[in-house]
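The following exercises concern pairs of oppositely charged side chains. Please examine the sequence and the structure before working through the solutions.

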Amino acid sequence: MTDALAHSGLVIVDKPAGMTSHDVVSRLRRYFRTKKVGHAGTLDPMATGVLVLGIERGTKFLAHMVASTKSYSATIRLGASTTTDDAEGEFRWGKAAAALSASAIEAEVATLTGQIMQKPAAVSAIKIAGKRAHELVREGKEVDIPARPVTIHSFETHDMRTEGDFLDLDVSVQCSSGTYIRSLARDMGEALGVGGHLTALRRTTVGPFALADASLLDDLAETPRLSLSLDEALTRSFSVAPVTEEEAVALAMGKWLEPRGLSGIHAAVAPNGQAIALIKEKGKRLATVFVARPSTL
């Protein structure tokens, strides 16, 4: 019997520089010959690395995907700030940074580690009155996005080198979703009084998905293939709750089960190994949050 979800799942792409996340979506629509392609966690054109995309019913899963923590490797240039907080923006101001001490750098890294309030970059995908912030900036409007809490789990400096009056720092960051690495570069430069921006950014993980899962676009053009089936995506993202065949049939119809003391969202997996749904206890019901394999398929 043919599996109705055989072509549904996730594709993890190692996004090249110079492409928008939507450019990657457009490519995969051609490669997989379907319009049902979406992405989670936008990457700037300058950035490379892990971009998670859903194919067919996998697009429905993206809204439920666990990606609370992300990891990056980046290069911060101290000695100049830009309008976009990265190398693609126009120069704003700067001061010679080559003489900054390692101790001054590390002190600021420590300040920017842990739970902090961060003002997102003005050129971002955040919506203000229904419009993306970067669209308003391109229209010449002033954009002021309020600071919001983010968590920097780790912020490490691996190399420091001078480039004329600039000081370049190679860093790695593990942070909560919603953190802007460009903003870390900006805030570090401002605190040190020299200006700062990002010159390179590579995302290495998104939740449970990493570069080891990722494919290059050229390889996908030759051989389109899922990185993870929808079953694999659900079970990697959530703890598994085994269900009987009868319970699986009920969940596929959107029915609820008796509670069993589960905490948080779980992937309900049938005896044949198929992930039927995401489930969560709500009062006296064990209800579906997302039905991966609805009975109507």
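**Exercise 1.** Classify R186 as buried or exposed, then identify its salt-bridge partner and classify that residue as well.

*Solution.* The model is predicted. Step one: the relative accessibility of R186 is 9%. A residue counts as buried under 20%, so R186 is buried. Step two: R186 forms a salt bridge with D187, and their closest N and O atoms are 2.9 Å apart. Step three: D187 has a relative accessibility of 16% and therefore also counts as buried.

**Exercise 2.** Determine which parts of the chain are tied together by the salt bridge between E247 and R260.

*Solution.* Step one: the closest N and O atoms of E247 and R260 are 3.4 Å apart, which satisfies the limit of within 4 Å. Step two: E247 belongs to helix α8 (residues 245–252), whereas R260 is in the loop between α8 and β16 (266–269); the pair therefore ties together parts that are 13 residues apart in sequence. Step three: E247, at 24% relative accessibility, is partly exposed, and R260, at 35%, is likewise partly exposed.

**Exercise 3.** Which residues are joined into one network by salt bridges that share partners?

*Solution.* The network consists of D3, D231 and R293.

**Exercise 4.** Describe the salt bridge between R161 and D170, including the accessibility of each partner.

*Solution.* Step one: the N to O distance between the two side chains, R161 and D170, is 2.7 Å. Step two: R161 has 29% relative accessibility and counts as partly exposed. Step three: D170, at 22%, also counts as partly exposed. In total, the structure holds 11 salt bridges.

Methods: Residues are numbered from 1 along each chain as its sequence is written. This is a predicted model: local features need pLDDT of at least 70, side-chain atom pairs count only at pLDDT 80 or more; totals for chains, interfaces and linings use all residues. Side-chain values use heavy atoms; hydrogens and water are left out. Buried means under 20% relative accessible area, exposed over 50%, partly exposed in between (1.4 Å probe, protein chains only). Helices (H or I, at least four residues) and strands (E, at least two) are DSSP runs, numbered from the N terminus.
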